[in-house]
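User: I am new to this structure and would like to learn how to read its aromatic pairs and its strands. Please take the features in turn.

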Amino acid sequence: MTARRSALQPAAVLLWLAVSVCLAPADPADWGHDTLVGAASDSLSITKLVTDADTNGDIYVGVLARDTGGLDTVYVWQSTDAGASWSLAYLIPADTLTGPIRDYELRVGYDAEGTWVYDFLVFSDSSASGGAWLLRHRAPMLNQTWVKIAPGGDTILRLAADRNIETPQHLFVAWETQGGLINLMSSSDSGQTWGNFRTAFAGCERPALCAGGDGCVYVAANARDSSYIAVARYSANLTNPTPVIARLDSSSDRRVWNPSVAADRNTPESLQAAVVMYSHKDTAGRIAPHFGWTKTAGLAWSCAAWPPTNQARTTWDARFPCVRQSYDDNLIRGIVAMHEPTGNWDTLVYAFTRPGTPSVWEDRARRNENRASDVVGAKVGFSEACIGGYVAYVTYRGNKVYFDSYNLVGVSESPFPFDWPMSTAALLRGGSVNVRLHLDRAGQVRITAFDCAGRMAARLFNGSLPGGAHQLSLPLRVTAGCYLLRIETPGHVGTAKLVTTR
């Protein structure tokens, strides 16, 4: 964190921190009103929605907007205050040399010098300008470099990309050719060079890709006749050419398509959980979201209807499921658009699962206040600035993009009751915070400092603790000012005020 926020300096005086905290069970009502991210030109039609978050809390949302004349445009918006406000960060327009933009993905990473924003694009021109390209730049649009990943022009249809959390970070990209091949490559130098070319599948389409922990990378796709979902898991950051391959929901009389894949980034290969979500049509013609899960890095899979929407409704049409575990998240989050042609309203259903129990989904909720598009898939993500998950979607038959997140309404405080199960005190001493707390049960604890504008100033602790009393001495390198110390424990969330001077 110090390398990426070099302007933050240690406090020079000692202050006792008066704590006025109410730790209450996390409540889905903490999600706020949907915020307008931005809108594409009315002359363009949005065909792809993407999002990712920097580990400093900044959130990016982008769209690929298509023009009937081929002059497509990528719009990317940025929020530095947990999604409360947005600004247009940059545009990537197509031109007559590159041809139309066929597909687009965005990922955020960093190295010792700071943040990298990675824009992956497919240009469909058949000349040397076509193919799969990477535009890498410091946020926003500084030190721009275009890197050609794969030639092919109009032979490349779609792509997917992700990066892992190792040091150095590795980027991965997969793409679909007109001939039905799913190819992928990796980069270990922030996208400057690419290697380890692999062909995962033949006769498949619509690739999805994610990085797991311990050098694992997963690529999923559906057969072109939609008869099965295939998943390949590579190891050693794609340097091992032999994948573990599995077929999910293989059937001759059903249809499965539009896979999305996520894997736990914090466990070794032998114990690694991964989840695939996809649309599934049964013999009665109902289309519902299904999912497959593994706890052995793809050696064995199980499949079932997705529990948050496990209802037999003939009007439902599950469109574009999305599942993701973000870089610094401990949960795997999913969202799916449930098309309702008879009800004149489409619902985004959100839930999360834990890597230790990937078949159990929690916190089912509907997260769109406006009617969501049934032809552009919604996205789910996580940002430390939001204290939890977030969703983004495009409005139905419109060009507006909306955003909502856990705790977007802000932090509320009240005097804590005497029977409050966690007593907390903090002392700022020599640039450190001493936090005393008592856990009623073992679980994950996250302690984060935010400035008054809601931006994350420092991530102080993110780990698992046993039940009982604990005292943590946590380095805090911040400039003079007022801060909120956010403390999350199993079933509880609260804040303490911090004030420091030079």
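Reading rings and strands

Analyst: Both Tyr393 and Tyr402 are buried, meaning under 20% relative accessible area (exposed is over 50%, partly exposed in between; 1.4 Å probe, protein chains only). This is a predicted model, in which local features need pLDDT of at least 70, side-chain atom pairs count only at pLDDT 80 or more, and totals for chains, interfaces and linings use all residues. Residues are numbered from 1 along each chain as its sequence is written, and side-chain values use heavy atoms, with hydrogens and water left out.

User: How many aromatic pairs are there?

Analyst: An aromatic pair is described by the distance of the ring centres and the angle of the planes. Rings of Phe, Tyr and Trp (its six-membered ring) pair if their centres lie within 6.5 Å; planes under 30 degrees apart are stacked, over 60 edge-to-face, the rest tilted. The count here is twelve aromatic pairs. Phe291 and Trp361 have ring centres 5.8 Å apart and planes at 90°, so this pair is edge-to-face. Phe291 and Trp361 are also buried. For Tyr393 and Tyr402 the centres are 6.1 Å apart and the planes at 20°, so that pair is stacked.

User: Which residues form one aromatic cluster?

Analyst: Phe291, Trp293, Trp306 and Trp361 do.

User: What is the order of the strands in the open sheet of four?

Analyst: Strands of a sheet pair through backbone hydrogen bonds, either parallel or antiparallel. Strands (E, at least two residues) are DSSP runs, numbered from the N terminus, and two of them pair if DSSP finds at least two bridges between them. The order here is 15-16-17-18, with antiparallel pairing. Strand 15 (204-211) and strand 18 (244-248) are the edge strands, each pairing on one side only.
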